[in-house]
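Me: I have a new model open on my screen and would like to walk through it with you. Shall we take it one question at a time?

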Amino acid sequence: MWSTVERTTFALSVLFVALILLAGEARAYGMYQDRIPNGYNVKDPADPRRSWPAIGHVTASGGPINQFGDDFNAQGRRWTIQLCRMDSDGDGASNGEELGDPDCEWRVGLEPKRTTGITHPGMKGDYPPNMSGHGNSNLRSQKAVQIKSETS
Ligand SMILES: [Ca+2]
């Protein structure tokens, strides 16, 4: 059987490896925050005082990939017009509408068109203000009319 010293050494080694893996995960999503509009402005829908840096994951600090993360990966981990137009969480608001790039014009380094009212593109039920959400096509058409009247 293992001595106390061996058990302690093993436990510390496991802890060390876990910390390195966690730090690696944090760095990974930190890098991707620069690649989407308002990547640093996404909040926890349950507590808007808290940020949600791991936007492509099911928790604010990481964990399994959510649908937005899957779509982001499928686009080569870049903000593309296709990713912008998708509604990853199926709430009726496109990823671009949720992240302040409603016209899908944003590129890395630019200021997004909107920096307030940012919502989570990977969590259904968190959608921009003045939007109906829930994927209701009738409500989506009302939104389209609203956007059209704002731009004309
Ligand atoms: Ca959405």
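**A strand pair, a core and some loop residues**

Reply: Happy to help, and please keep in mind that this is a predicted model. A good place to begin is a pair of facing strand residues: His57 has Ile65 of β4 opposite it.

Me: Thanks! In which sense do strands β3 and β4 pair?

Reply: β3 covers residues 57–59 and β4 covers residues 62–65. A hairpin of 2 residues links β3 to β4. The two strands are held in register by 2 bridges, and their pairing is antiparallel.

Me: Now the interior. Which elements give two or more residues to the largest nonpolar core?

Reply: That core has 14 residues, and the members touching the most others are Ile36, Val42, Trp52, Ile55, Trp79 and Leu83. In soluble globular proteins, nonpolar side chains tend to be buried together. The elements that supply two or more residues here are α2 (67–74) and α3 (81–85).

Me: Let me zoom in on Ile36. Which residues does Ile36 touch, leaving out those up to four places away in sequence?

Reply: Ile36 is one of the core members that touch the most others. With residues up to four places away in sequence set aside, the contacts of Ile36 are Ile55, Trp79 and Leu99.

Me: Next, Arg77 in the loop between α2 and α3. Is Arg77 buried, exposed or partly exposed?

Reply: Arg77 also has a positive phi, near 55 degrees, although this residue is not glycine. For its surroundings, we count 15 C-beta neighbours inside 10 Å. A count of 20 or more would make a residue buried and 12 or fewer would make it exposed. Because 15 falls in between, Arg77 is partly exposed.

Me: Where is Cys104, another residue with positive phi?

Reply: Cys104 is not a glycine, yet its phi is about 55 degrees. There are 18 other C-beta atoms within 10 Å of Cys104, so this residue is partly exposed. Its place is in the loop between α4 (95–98) and α5 (137–151).

Me: One last residue: is Asp89 buried or exposed?

Reply: Asp89 sits in the loop between α3 and α4. Apart from residues up to four places away in sequence, Asp89 touches Gln67, Phe68, Pro121, Gly122, Met123 and Lys124. It has 24 C-beta neighbours inside 10 Å, and the cut-off is 20 or more, so Asp89 is buried.

Me: And how many Å separate the C-alpha atoms of Asp89 and Gly125?

Reply: Along the chain, Asp89 and Gly125 are 36 residues apart. In space, the separation between their C-alpha atoms is 8.5 Å.

Technical notes: Residues numbered from 1 in each chain as written. Predicted model: local features only at pLDDT ≥ 70, side-chain atom pairs only at ≥ 80, totals over all residues. Core = buried A, V, L, I, M, F, W, Y, C linked by C-beta atoms within 7 Å. Helix = DSSP H or I, 4+ residues; strand = E, 2+ residues; numbered from the N terminus. Contact = placed C-beta atoms within 7 Å. Pairing = 2+ DSSP bridges.
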